[in-house]
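Here are some short exercises to work through with the model open beside you. Try each task yourself before reading its solution.

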Amino acid sequence: MTAPTTTPAARGVTRDVPLGRVLARTCAAEWTRLWTVRATWLFLAAAAVTMVGIGTIAGFDAASDPVPPQGDAAWPASSITSLPAQFALLALTLTAVTSDYATGGIVPSLQWTPRRGILFLARTLVPVLTATAAGVLLALASAVAAFTAARPALTLPWDEGLDVLSTVAFVFGAGTTLAAGLGFLLRNTAGGLVTVFLLMLVLPIMLGNLGYEWTTTVSEHLPGTGAAYLLVGEVPGMTGTSSVITMLCWAGGAVLLGWLRLLRDDANR
Amino acid sequence: MIEVRGVTRRYGDVLAVDDLTFDVEPGKVTGFLGPNGAGKSTTMRIMLGLDRPTSGTALVNGRPYAGLAEPLREVGALLDPFSMHPGRTGRSHLRVAARTNGIPERRVAEVIEQAGLEGAARRRIKGYSLGMRQRLGIAAALIGDPGVLLFDEPINGLDLDGVRWIRGLLRRLAGEGRTVLVSSHLMSEMEQIADRLVVIGRGRLIADATTEQILSGLGQLQVRVRSSEPDRLLAELEERGFTVRRAGDRELQVEDSTAEDVGELAHSLRIPLHHLSEVRQSLEDAYLGLTSSSVEYHGREAELVRTTTEGAR
């Protein structure tokens with residue numbers, strides 16, 4: 001049997017810990033929590049296969065074109081492959097939040113970090129930053145894969161690359177923040193995934209194509225429409241500013257509602 | 001030290017905890033007893049800030065749990081052993097716990113050894129038996145070497161070796177001056193482990209007394225007496241206001257009395273006695289007696305029971 005590490009006199013004495021250190025520790029724990037489950041790696045692998053795979057195929061396509069592009073940039077591969085791959089990263093972020101509700105793990109989580117605002121901040125920041133960073137790296141890898149496969153048909157101008165990658169970072173950042181907020185709000189993996197797919201894919205396409213003015217207006221205010229415009233353009237009625245504002249509003253609203261639910265409700269009832 | 005003051009928790013029409021007040025003192029194992037649905041788990045969740053009370057306060061070392069910066073260094077708790085991510089290994093589960101509270105990594109290995117989980121720590125939790133999950137939960141509770149420990153049904157699922165281990169562990173923790181609160185349905189275990197018992201029923205406090213006081217009927221002692229003249233002894237006792245019932249051909253049970261009272265009366269009347277003893281109930285009998293009363297009385301029992309309980313303190 002191991003001896004206790006503190007004396008009875010020292011036990012139960014509360015140390016004054018700065019808020020920043022509590023947040024840093026909670027973020028470190030969330031990081032460990034994230035990479036110690038298989039789902040995280042599976043979602044990252046799915047995003048990697050989608051982005052690098054499609055980038056490579058696009059590169060070979062460009063190279064085998066009877067009239068190969070001369071001097072075109074490989075960067076569109078990054079933004080185009082981000083459109084399908086974002087769903088793997090959205091699912092990664094969502095399940096990072098909801099798996100604790102599905103497994104009851106929220107009980108020890110709140111026992112170990114009872115300051116709910118801190119837990120919320122750490123649990124939102126860590127998966128969002130991880131998914132966004134991974135997404136940007138994979139977008140870069142996708143463009144490099146397209147460039148390599150199409151060589152010498154495509155180029156990699158870095159100034160254009162910075163623009164594309166920062167747009168990809170914004171779309172992944174806002175989208176995964178929305179997913180994290182929905183996770184806290186709904187506390188349910190299936191419900192969260194369905195909601196994310198509806199908001200990011202199904203409703204924007206369906207409402208945008210119904211042909212009624214009001215459905216088109218609704219569609220223009222959905223986060224998926226904003227993401228599609230920012231990544232591939234070609235969405236009538238949208239501008240860069242309206243897309244950014246739409247995505248920020250949805251992400252902010254979901255985070256606010258999720259935060260309120262975590263703060264006000266019982267841990268897992 | 002845990003202080004529960006006037007805690008009430010209502011879920012819609014259901015009153016899960018009703019104006020509960022009690023203390024859990026350091027240096028003792030306090031048993032937390034009550035039938036299913038009595039509100040034990042809800043009370044423990046409120047103590048840990050997991051559920052919010054409708055009214056009242058629960059303080060750990062004088063502060064609400066939700067305000068603690070390093071809770072694992074002050075309070076260790078095992079609630080539901082199934083409340084863990086099954087895809088994570090036991091070791092990773094403990095590493096997450098350690099990181100949240102700035103606890104050194106070496107404590108992970110120490111509590112794994114302490115809980116006897118060396119062989120299973122690198123396996124995913126989904127492959128753990130209930131007993132192994134209990135041990136992992138206990139390891140997590142001990143990781144910060146806290147002064148206050150809460151265990152909800154810690155013996156569930158443990159084999160005999162595990163039961164003996166937890167029995168010794170709880171006694172040792174209390175012996176080190178820690179505050180230990182344990183809920184259990186296993187009366188024989190609580191009889192061996194607990195120094196003090198808090199009994200609740202339908203969310204209300206039924207008894208808060210030492211185990212000894214509860215076993216002796218909260219001050220209402222019973223005496224068993226066997227005599228060759230039971231009828232005469234019964235008549236004489238009743239004449240002096242004792243409540244007596246027959247417990248056999250020649251045996252009587254005298255309520256709210258002592259062996260001295262009955263023995264001296266029999267001696268003064270020259271009634272021969274063949275046996276005289278104060279009845280020590282099993283905790284199970286005492287518990288059933290206490291909790292069945294709570295069901296019987298419904299809204300009326302609180303005052304009666306609280307008066308009895310306070311008299312026993």
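**Exercise 1. Find what share of the contacts in chain B with a separation of 6 or more comes from residues 24 or more positions apart.**

Solution. Keep in mind that this is a predicted model.
- Step 1: Take the contacts in chain B with a separation of 6 or more; 69% of them join residues 24 or more positions apart.
- Step 2: Add the secondary structure, which for chain B amounts to 11 helices and 13 strands.
- Step 3: Add burial and extent. Among the 313 residues of chain B, 49% count as buried, and along the principal axes the C-alpha atoms fill a box of roughly 75 × 40 × 30 Å.

**Exercise 2. Identify the residues that touch the most other members of the largest nonpolar core, and the helix that gives the most to it.**

Solution. A general point helps to set the scene: in soluble globular proteins, nonpolar side chains tend to be buried together.
- Step 1: The largest nonpolar core has 155 residues, and L89(A), A146(A), A139(B) and I143(B) touch the most other members.
- Step 2: The top contributor is helix α5 of chain A (residues 116–150), which gives 15 residues.
- Step 3: A separate, second core holds nine residues, including L233(B), V244(B), L252(B) and V254(B).
- Step 4: Now zoom in on A146(A). Beyond its neighbours within four places in sequence, its contacts are G55(A), T56(A), A58(A), G59(A), A74(A), A77(A) and L154(A).

**Exercise 3. Work out how helix α3 (residues 76–103) and helix α7 (residues 189–209) of chain A are oriented to each other.**

Solution.
- Step 1: The two axes come within 9 Å and cross at roughly 155°.
- Step 2: Angles over 145 degrees count as roughly antiparallel, so α3(A) and α7(A) are roughly antiparallel to each other.
- Step 3: The crossing of α3(A) past α7(A) is right-handed.
- Step 4: On the α3(A) side, the meeting residues are L90(A), A91(A), L94(A), T95(A), T98(A), S99(A) and A102(A). From α7(A) come T189(A), G192(A), L193(A), V196(A) and M200(A).
- Step 5: Sorted by class, this contact has seven nonpolar, five polar and no charged residues.

**Exercise 4. Do the same for helix α6 (residues 158–186) and helix α9 (residues 223–232) of chain A.**

Solution.
- Step 1: Here the axes come within 10 Å, with a crossing of roughly 165°.
- Step 2: α6(A) is therefore roughly antiparallel to α9(A).
- Step 3: α6(A) passes α9(A) with a left-handed crossing.
- Step 4: T167(A), F170(A), V171(A), G175(A) and L178(A) of α6(A) make the contact with P223(A), A227(A), L230(A) and L231(A) of α9(A).
- Step 5: These residues are seven nonpolar, two polar and no charged.

**Exercise 5. Describe the contact between chains A and B, then the packing of α1(A) with α2(B).**

Solution.
- Step 1: Chain B brings 42 residues to the contact and chain A brings 36 residues.
- Step 2: On the chain B side, α2 (90–100) and α3 (106–114) each supply at least two residues, and α2(B) gives the most, with six residues.
- Step 3: That side of chain B has 17 nonpolar, 12 polar and 13 charged residues.
- Step 4: Helix α1 (residues 19–35) of chain A packs with α2(B) at about 165°, their axes 7 Å apart; the two helices are therefore roughly antiparallel.
- Step 5: Their crossing is right-handed.
- Step 6: R25(A), T26(A), A28(A), A29(A), T32(A) and R33(A) face S92(B), R95(B), V96(B), R99(B) and T100(B) in this contact.
- Step 7: By class, these residues are three nonpolar, four polar and four charged.

How values were computed. Residues numbered from 1 in each chain as written. Chains lettered and ligands numbered in written order. Predicted model: local features only at pLDDT ≥ 70, side-chain atom pairs only at ≥ 80, totals over all residues. Helix = DSSP H or I, 4+ residues; strand = E, 2+ residues; numbered from the N terminus. Buried ≥ 20, exposed ≤ 12 C-beta atoms within 10 Å, placed from the backbone. Contact = placed C-beta atoms within 7 Å. Core = buried A, V, L, I, M, F, W, Y, C linked by C-beta atoms within 7 Å. Axes fitted to C-alpha atoms, helices over the stretch in contact; angles between N-to-C directions. Parallel < 35°, antiparallel > 145°, perpendicular 65-115°, else oblique. Left-handed = near helix turned anticlockwise from the far one by under 90°. Nonpolar A, V, L, I, M, F, W, Y, C, P; charged D, E, K, R; others polar.
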